[in-house]
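Student: Got a minute to go through this one with me? I'd like to talk about how the parts meet.

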Number of protein chains: 4
Amino acid sequence: MKIAILKAANELLEEQGLSGFTIDAVATRSGTARSSIYRWWPNRGALAIAGFLAETAQKIGYPVTASAVADVKSQMMRVAEVYGQKVGRTISALVAQGQSDPEALRALLDGYVLPRREEAKKALLRGIANGELRADVDLDVVIDALYGPIWYRILVPHAPLTSEWAGHLADYVFDGLRPAAADVLSARA
Amino acid sequence: MKIAILKAANELLEEQGLSGFTIDAVATRSGTARSSIYRWWPNRGALAIAGFLAETAQKIGYPVTASAVADVKSQMMRVAEVYGQKVGRTISALVAQGQSDPEALRALLDGYVLPRREEAKKALLRGIANGELRADVDLDVVIDALYGPIWYRILVPHAPLTSEWAGHLADYVFDGLRPAAADVLSARA
Amino acid sequence: MKIAILKAANELLEEQGLSGFTIDAVATRSGTARSSIYRWWPNRGALAIAGFLAETAQKIGYPVTASAVADVKSQMMRVAEVYGQKVGRTISALVAQGQSDPEALRALLDGYVLPRREEAKKALLRGIANGELRADVDLDVVIDALYGPIWYRILVPHAPLTSEWAGHLADYVFDGLRPAAADVLSARA
Amino acid sequence: MKIAILKAANELLEEQGLSGFTIDAVATRSGTARSSIYRWWPNRGALAIAGFLAETAQKIGYPVTASAVADVKSQMMRVAEVYGQKVGRTISALVAQGQSDPEALRALLDGYVLPRREEAKKALLRGIANGELRADVDLDVVIDALYGPIWYRILVPHAPLTSEWAGHLADYVFDGLRPAAADVLSARA
DNA sequence: AAATAAACGAGACGGTACGTCCCGTCTTAAA
DNA sequence: TTTAAGACGGGACGTACCGTCTCGTTTATTT
C-alpha cells in the first residue's frame with residue numbers, strides 16, 4: 001500500500017509538479033483512500049519528500065578511475081542529464097514546498113542534500129590525496145561551486161540543463177583548484 | 001494605493017515567506033480592499049514578483065576599478081551579504097511560487113534574473129578585455145558558476161550565506177579562468 | 001441565497017432526518033457552495049435550527065373563544081396533527097443534534113421552545129381569569145403536562161401522534177385543574 | 001470482557017453524552033480492542049443501548065401501599081430525581097442516537113420504554129380497581145401524561161428535573177382522573 | 001458646477017484542498 | 001478460538017484561500 005502511494009506521489013510530482021500534487025490525486029492514482037495516506041504521512045510535504053526519497057532519488061554514484069577529478073566531472077554530467085528531465089521537476093517542487101514548510105525542507109536536507117554532499121566530499125578528498133586538487137581548499141565551497149549551479153538551473157531555468165554545460169562548468173571550477181606547479185613538485189618529492 | 005500595496009506585499013514576503021503571503025493579508029496590511037489588489041494584478045504570483053521588483057530588488061551594482069575580477073568578487077560578496085538576510089526569504093518565496101506558476105517564473109526571469117545576468121556579463125567582458133580572464137570562456141557558464149551557488153544556498157540552506165563564503169567562491173572560480181602564462185604573454189605582445 | 005439554503009436545509013431535515021442532513025447535501029440541493037453555507041452559519045447545528053426557525057416553525061396559534069381551555073385543547077390537537085408529520089421529524093432531529101451540541105440546544109430553547117411556552121402561558125392565564133382554571137396552579141408544570149407528552153411521542157415514538165390522542169390528553173389534564181365548586185361559587189360572589 | 005465493555009460504554013455515555021461516546025474511547029477505557037467490541041455488537045448504537053440496559057437501567061419499581069395513586073406519584077418523584085442526574089444524560093444520548101438509527105430506537109423502545117410502560121399500567125390498574133381512578137380512562141394516554149413530561153424535561157431541558165416538580169405534575173394529572181362523586185357512590189353500591 | 005468616469009471599499013459567491021475524526025470492515029499474530 | 005493490535009476504504013467535518021463578481025461611494029476630470 002505504502003509503496004503504491006509513494007509511487008503515485010512520485011509520478012504526480014514528476015508529471016505535474018507541486019500544483020497537481022494533491023492528496024486527493026495521490027489517493028486516486030494509487031487506488032487508496034485519503035485517510036490511508038494521512039495514516040502514514042502527516043501532511044503533503046512529508047509525503048512529497050518521502051515519495052522522492054523512496055522512488056526517484058536514485059543515487060548517481062561516482063565512478064572510480066585514476067582521476068578523481070574526471071570521476072566527479074563525469075558524475076556531474078550524468079546528474080545534469082538526469083536532473084534536466086523529470087527528476088528536476090520533482091526536485092524543484094520539493095524545494096518550493098520547503099519554502100513554506102520547514103519540516104519538508106529539513107527532511108530534504110537531511111534525507112538527500114547532506115548525504116549527497118558527503119559522497120561528493122569523499123570523491124574530492126580522493127582528488128586531494130591524488131594530488132589532483134589543492135590540499136588547502138574548502139571542500140564545502142567547492143561542492144557549492146560544482147553543484148550549486150546545477151540546482152540553480154533547475155530552480156531558475158533560464159537555460160536548459162545539459163551534460164555539456166555541466167562538463168564546462170566542471171572544467172572551469174577544477175581549473176582553479178589544481179595545485180601550483182611548485183606544489184606538485186614538492187608533493188612528488 | 002498601488003505603492004502601499006506593493007510595500008505591504010513585500011514586507012509580508014520578507015517577514016513570513018510564501019505562507020503568510022495572502023491576498024487578504026496584503027489587503028489588510030496595506031489598508032486596501034482585496035478587490036483593489038485584483039484590479040491591478042491578476043493573481044498572487046504577479047503581485048509577489050511586482051512587489052519584489054518595485055521594492056526589494058535594489059540592484060547591487062558593480063564597482064569599476066582597475067580589476068574587473070575584483071569588482072565582480074566584491075559585488076558577489078555584497079550580494080551574499082544582502083541575500084543572506086530578508087531579501088533571501090523573498091527570493092526563495094518567488095522561486096517557490098514560480099514552480100507552480102509559470103507566469104510568475106517567467107516574470108522573475110525577465111524582470112530580474114536575465115537583466116542581472118546581463119550586468120554580470122558586462123563586468124566579465126571587462127575582465128576579458130583586461131586580460132584578467134581567458135577570452136575563450138563561455139560567460140553564461142561562468143555566471144552560473146559564480147551566482148548559481150548563491151541561489152543554491154538561498155534555496156537549499158544547508159549552511160548560511162556569508163560574504164566570506166562568497167569571496168572564497170569567487171576566488172576558486174576565477175582561479176581557473178585566468179589566461180595561461182603563454183596567453184598572457186602573447187596578449188601583451 | 002440564504003433563503004435557498006435554509007429551504008434546502010429544511011427539506012433535508014424533514015425528509016431524511018439528521019443522517020441525511022449534511023452540509024454537502026444542503027449545498028447540492030440549494031445549488032450553492034459549501035463555503036457559502038459556512039459563511040453564514042458556523043456549523044451544521046446552527047444551520048439546522050436556523051432552517052427550522054425560518055421555514056418550518058410555523059407558529060400554531062391559539063384561537064380565542066369564550067373558553068380558554070377549549071382554545072388550548074384545540075391548539076394542542078392541531079399541534080399533534082402537524083407534529084405527527086414531517087415537522088416532527090425535523091424537531092426530533094434538532095433535539096438529537098442538541099444532545100451533542102449545546103449551542104444548538106440553546107438556540108432551540110431560546111428560538112422556539114421558550115417563546116412557544118410563553119404563548120401557552122398567556123392562553124392559560126386567560127383560563128384562570130375566566131375562572132375555567134384554578135388560580136393557584138403552577139403554569140410551568142401545566143405546560144409541561146400538556147405539551148411534554150407531545151414531545152415525548154415525537155422523540156420516543158412508541159405510538160403515533162394524533163389529534164384525538166392530544167384531545168384526550170388535554171381533557172385529562174384540564175379535568176384536574178378546574179376550580180372546586182366552592183371556589184367557583186365564591187368567585188362568582 | 002463484555003462486562004468491562006458495557007461498563008465503559010455506560011460511563012462514557014453518562015459522563016460525556018453522545019459526542020464522547022466513540023468506539024475507540026470505549027475500547028480504550030475498557031482496556032479492550034475495537035475489534036472485540038465489533039465482535040459482539042454490530043455498531044455504536046447497539047452498544048450504547050446495550051450498555052444502558054445492562055448497567056444503568058436500574059428499574060425504579062413501584063411501592064405497593066393502600067393507595068396506588070400515591071405509589072405512582074412516589075415512583076415518579078424517584079424517577080425524576082434519578083433521571084435529573086447522570087442517567088438523564090445517558091437517556092438523552094440514546095434518544096438522540098435513535099433519531100438517526102432506527103434499530104437503536106427500536107431496541108430502546110422494546111428493551112426499556114415499553115416494559116416500563118407495562119409496569120406503569122399495572123400500577124394504574126390497581127388504582128382503577130381501588131376506585132382511586134376512573135375506570136373509563138385510556139391508560140396509554142395517562143402514562144403519556146405522567147411520564148411524557150419527564151422525558152421532555154430530560155430532552156428539552158428548559159428547566160431542571162426535580163422530584164418536587166414531578167410531585168406537582170402527578171397531583172395535577174391525578175386530580176383529573178378521580179371518579180366523579182356519583183360514580184364513587186355507585187361503585188360502592 | 002454638474003456630469004461622468006475611474007478607482008475604491010466592502011464583501012458575497014463558487015470552488016478546491018487541507019488536515020482531522022470517526023465509522024465499520026478486514027487481516028494477522030499471540031495467548 | 002478468542003483476543004489485541006491496527007491497517008484499510010470511506011465520508012463528513014470545519015478552515016483557509018483562491019479568483020470572480022456586484023454594488024454603492026468617493027475622488028477626479030472634463031465639459
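Student: How many salt bridges are there between chain D and chain C?

Tutor: The count between chain D and chain C is 4, taking a salt bridge as a side-chain nitrogen of Lys or Arg within 4 Å of a carboxyl oxygen of Asp or Glu. D:Arg134 and C:Asp175 form a salt bridge, with N to O at 3.3 Å. Keep in mind that this is a predicted model, where local features need pLDDT of at least 70, side-chain atom pairs count only at pLDDT 80 or more, and totals for chains, interfaces and linings use all residues. Residues are numbered from 1 along each chain as its sequence is written, chains are lettered from A and ligands numbered from 1 in the order in which they are written, and side-chain values use heavy atoms, with hydrogens and water left out.

Student: Which element of chain D gives the most to the side that touches chain C?

Tutor: That's H8(D), with 11 residues; helices here are DSSP runs (H or I, at least four residues), numbered from the N terminus. The residues on that side of chain D divide into 22 nonpolar, 8 polar and 8 charged, where Ala, Val, Leu, Ile, Met, Phe, Trp, Tyr, Cys and Pro count as nonpolar, Asp, Glu, Lys and Arg as charged, and the others, Gly among them, as polar.

Student: What area do chain D and chain C bury between them?

Tutor: About 3200 Å², 71% of it on carbon and sulfur atoms. Buried area is the accessible area (1.4 Å probe) that two parts lose on being put together, summed over both. D:Gln99, D:Tyr152 and D:Tyr172 supply 22% of the area chain D buries against chain C, more than any other three residues.

Student: Switching topic: what rotation superposes chain B on chain A?

Tutor: A rotation of 180° with 0.0 Å of shift along its axis, at RMSD 0.1 Å. The two copies are thus related as by a two-fold rotation axis. The fit is by least squares on the C-alpha atoms of residues with pLDDT of at least 70 in both.

Student: And which residue of chain B comes closest to that axis?

Tutor: B:Gly176, at 1.6 Å for its C-alpha.

Student: How far apart are chain A and chain C, then?

Tutor: Their closest C-alpha atoms lie 17 Å apart, and no contact (heavy atoms within 4.5 Å) joins them.

Student: Last one: inside chain A, what does A:Glu14 form a salt bridge with?

Tutor: With A:Lys86, the closest N and O atoms being 3.4 Å apart. Between domain 1 and domain 2 of chain A, the count is 1 salt bridge.

Definitions and conventions
Helix = DSSP H or I, 4+ residues; strand = E, 2+ residues; numbered from the N terminus.
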